[in-house]
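Here is a note for a colleague who is meeting this structure for the first time. The points below go from the whole chain to single residues, and they are best read with the structure open alongside.

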Amino acid sequence: MLEKKFYKTFFKHSFNIPLKVNYWDGSSEVYGDGTPEVTITLNEAVHVKQIINNASIALGEAYMDGKIEIDGSIQALLTSAYETAGSFFHNKKFIHFLPKQKHDEKESKSDVQDHYDIGNDFYKLWLDPTMTYSCAYFEKDTDDLETAQVNKVHHILNKLNPQPRRTLLDIGCGWGTLMLTAAKEYDLRVVGVTLSQEQFNLVNQRIKDEGLENVAEVRLQDYREIKDEQFDYITSVGMFEHVGKENLQTYFKCVSDYLKKDGVALIHGITRQQGGANNGWLNKWIFPGGYVPGLEENIHHIIENDMQIDDMEPLRRHYQKTTEIWDKNFNEHRDEIVKMFDERFVRMWDLYLQACSASFESGNIDVIQYLLTKGAGASSNVLPMTRAYMYK
């Protein structure tokens, strides 16, 4: 009886859209005004103590295990929870984060491989042909995902105002599209670093296949291990979300140390305008050690490490659209992915992708590009006066 009362209060205060809840005892209740947009079925009760201990983990795992079924858009449901002040995303009663993680080089490698070394065949099913696993850039509403990912690469490289035959370091190079585009189309000498064996293998093969051995190199290396090298340009896309709160200072120090006096860096990553945070379920099941830094945190570390912010651009709506397309692609291959893994894995990843879409849609998280130089004088030497050059 007390458990049922808890759930009724929980649902009443957690969402701003009408929804129907089917309880494990056969009873049903509608919360909110109007026709329910989503139906939640509780096949069995999730223990109240588990929800209070960490609502994100308890509910996420219950969905993975089939204890909870959702008929309707998970994205819409979670967006409404992010937009509701009293929901489990905001109520301190339900917010308990995981313990601080050390993020030394061994742990960082393990964290990356847990996520990215699931297998290239898995990612090929739902990413675009460029194998780009980060926010796309939709110049036109009609752009497909591959076009938008190519747009993003050029948008980043154009912001650097790169000059031919200079050097570029790509920290967290993924499957290599940005670094190899820089080599082929911008005449740059490029080095990419990754901790993913699968990514390293694929980028190495691409370098050989495209005859770029003289201008491109990929390293299976922690970004902190680069010694006594400096570069004209640095790019880093979707990387600082993985380093952990305690390593943000080190991350930005490395960017500054590796950048030449008149160098330019473009750092692109998920940022919370409201301040840094992590999520228990994501930390446990998707991104071990993940932490989304706050805007003020990043700016502080940038300035502390003697870099100048020359431009910032939020791309939140672009990442929402990107994750929505990814989830659509993912579900088009759902049966194949079940055979590769199992139904629980598929439910977990579908939840993850829709939760990302909801988080961007609601403004809970953003993705921001930071254009940086080494001191105020550097930008006068290497960047045009206005932003017009970025769009040529």
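**Notes on the predicted model**

1. Surface. Please keep in mind throughout that this is a predicted model. The protein exposes about 17,500 Å², and of this area carbon and sulfur atoms supply 48%. Of its 392 residues, 56% count as buried.

2. Overall build. The protein holds 16 helices and eleven strands. Its radius of gyration is 22 Å, close to the 21 Å that the globule rule gives for 392 residues, so the protein is as compact as a globular protein of that length. Measured out along the principal axes, the C-alpha trace spans about 70 × 40 × 40 Å.

3. Contacts and charges. If one takes the contacts between residues at least 6 apart in sequence, 70% of them join residues at least 24 apart. As for charge, the protein carries 43 positive and 58 negative charges, and the mean positions of these two sets are 3 Å apart.

4. Helix 7. This helix has 15 residues, and from its first C-alpha to its last it reaches 21 Å, which is close to the 21 Å expected at 1.5 Å a residue. Helix 7 is mostly covered, with eleven of its 15 residues buried. Among the buried residues are Leu145, Ala148, Val153, Ile156 and Leu157, but the list also includes Gln149, Asn151, Lys152, His155, Asn158 and Lys159, and a reader may wish to look at each of these side chains in turn.

5. The residue after helix 7. What is the sign of phi at Asn161, which follows helix 7? The phi of Asn161 is positive, at about 55 degrees, although the residue is not a glycine. As background, most residues other than glycine have a negative phi. Asn161 sits in the loop that runs between helix 7 (145-159) and strand 5 (167-171), and with a relative accessible area of 23% it is partly exposed, because the cut-off for buried is under 20%.

6. A second positive phi. Asp187 likewise is not a glycine and has a positive phi of about 55 degrees. The place of Asp187 is the loop between helix 8 (177-185) and strand 6 (189-194). At 29% relative accessibility, Asp187 counts as partly exposed.

7. Ala183 in helix 8. Is Ala183, a residue of helix 8, buried or exposed? Ala183 counts as buried, since its relative accessibility is 8% and the class takes in values under 20%. Leaving aside neighbours within four places in sequence, Ala183 is in contact with Leu188, Val190 and Val215. Of these partners, Val215 is 32 residues from Ala183 in sequence, while the two C-alpha atoms are 6.4 Å apart in space.

8. Cys356 in helix 15. Cys356 belongs to helix 15 (residues 343-362), and it is buried, with a relative accessible area of 16%. Although Cys356 and Gln75 are 281 residues apart along the chain, their C-alpha atoms are separated by 8.2 Å.

9. His300 in helix 12. His300 lies in helix 12, which covers residues 295-304, and with a relative accessible area of 43% it is partly exposed. Between the C-alpha atoms of His300 and Phe252 there are 10.0 Å, and the two residues stand 48 apart along the chain.

10. Ser27 between two strands. Ser27 is found in the loop between strand 1 (19-22) and strand 2 (28-31), and at 27% relative accessibility it counts as partly exposed. Not counting residues up to four places away in sequence, Ser27 touches Lys4, Val21 and Asn22. How far from Val255 is Ser27, C-alpha to C-alpha? The separation is 57 Å, for a pair that is 228 residues apart along the chain.

Notes. Residues are numbered from 1 along each chain as its sequence is written. This is a predicted model: local features need pLDDT of at least 70, side-chain atom pairs count only at pLDDT 80 or more; totals for chains, interfaces and linings use all residues. Side-chain values use heavy atoms; hydrogens and water are left out. Helices (H or I, at least four residues) and strands (E, at least two) are DSSP runs, numbered from the N terminus. The radius of gyration is taken over C-alpha atoms; the globule rule is 2.2 Å times the number of residues to the power 0.38. Buried means under 20% relative accessible area, exposed over 50%, partly exposed in between (1.4 Å probe, protein chains only). Contact means heavy atoms within 4.5 Å. Accessible areas come from the Shrake-Rupley method with a 1.4 Å probe; for residues, only the protein chains shown count as cover. Lys and Arg count as positive and Asp and Glu as negative; His and the chain ends are not counted. The place of a charge is taken as NZ of Lys, CZ of Arg, CG of Asp or CD of Glu. The expected span of a helix is 1.5 Å times one less than its number of residues.
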